[in-house]
Amino acid sequence: MRSTRTILLELYADVVCPWCWIGDRRLFAAIDTVREALPDVVFEVVWRPFQLDPTIPPEGRDWAEVVESKFGGRLRAQPMFERVAQAGAADGLTFDFDRITRHPNTVKAHALVVFAQQRGVNVWPLVEALFAANFTQGADVSNDDVLVRIALAHGLEEAETRRVLAEGTYDVDVLQSQREAARLGVQGVPFLVLDGRFGVSGAQPSAVFVEALKRVATE
């Protein structure tokens, strides 16, 4: 029997970060590539919460106001939105910034992912659903009903999910992850930590992730 080696990958990201969605998709494409070359290596990918803006109020902010204050208005922001959408489309993702109406505080979305991880759920389809809810459907991913709907579709139980969200059971885990990111010097996301030894910043092309994964697997 062949022995396998498990390597921990920690992905710091936020569900309202467009490049995090792109980076997530590219990372998993790279893992599939490396798995073919190194079948004895297992990559365990863990979501690490990172809030791009922890100061956003719990009810979120009006998206139009955010676009105005952060990007100088819709006309100035449009070319950037189009570049993101084109980059995402190349990886099979759909961005529809016109559908977004709220810029949410993401504590609850992160807490939902942490809760799912604690329950042993494969969280990456759930994470994909959170990204799609925000960027494709324009849903408010700080809204309990939106989060519960996503949770139910990915194997979690409604009553417990509502309780966890209402009581803030995993909010402290979100805060601890943010502090750990600061300790590591993470200033932007996505940020991937490989085996606790290497870091890759940004939504790199899959080829860059492939090389990083091979490096950590063979050294």
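Is Cys17 buried or exposed, and what is its relative accessible area? Select Cys17 and you will find a buried residue, with a relative accessible area of 4%. Here buried means under 20% relative accessible area, exposed means over 50%, and partly exposed lies in between, using a 1.4 Å probe and protein chains only.

Before moving on, some ground rules. This is a predicted model, in which local features need pLDDT of at least 70 and side-chain atom pairs count only at pLDDT 80 or more, while totals for chains, interfaces and linings use all residues. Residues are numbered from 1 along each chain as its sequence is written, and side-chain values use heavy atoms, with hydrogens and water left out.

**Cysteines**

Next, pick Cys20, which is also buried, at 1% relative accessibility. Searching the whole structure turns up 0 disulfides, a disulfide being a pair of cysteine sulfur atoms within 2.5 Å.

**The sheet**

Now show the strands. Helices (H or I, at least four residues) and strands (E, at least two) are DSSP runs, numbered from the N terminus, and two strands pair if DSSP finds at least two bridges between them. You should see an open sheet of 4 strands in the order E2-E1-E5-E6, with mixed pairing. Strands E2 (41-49) and E6 (198-201) stand at the edges with a single partner strand each, so one side of each has no neighbour in the sheet. From one strand to the next, the twist averages 20°.

Zoom in on E1 (residues 5-13): 9 bridges join this strand to E2, and the two run parallel. Tyr12 sits opposite Arg48 in E2. Then add helix H5 (residues 123-135), which packs on the sheet, touches E1 and E2, and makes about 40° with the direction of E2. Axes are lines fitted to C-alpha atoms, for helices over the stretch in contact, and angles run from 0 to 180 degrees between N-to-C directions.

**Leu11**

Stay in E1 and select Leu11, which is buried at a relative accessible area of 3%. Leaving aside neighbours within four places in sequence, its contacts (heavy atoms within 4.5 Å) include Asp24, Val46, Trp124 and Phe191.

**Helix H3**

Finish at H3 (residues 74-90). Its 17 residues should span 24 Å at 1.5 Å a residue, and the end C-alpha atoms are indeed 24 Å apart; the expected span is 1.5 Å times one less than the number of residues. Colour its buried residues, Ala77, Phe81, Val84, Ala87 and Gly88. These pack against helices H1 (18-37) and H2 (63-71). After H3 comes Gly92, with a positive phi near 80°.
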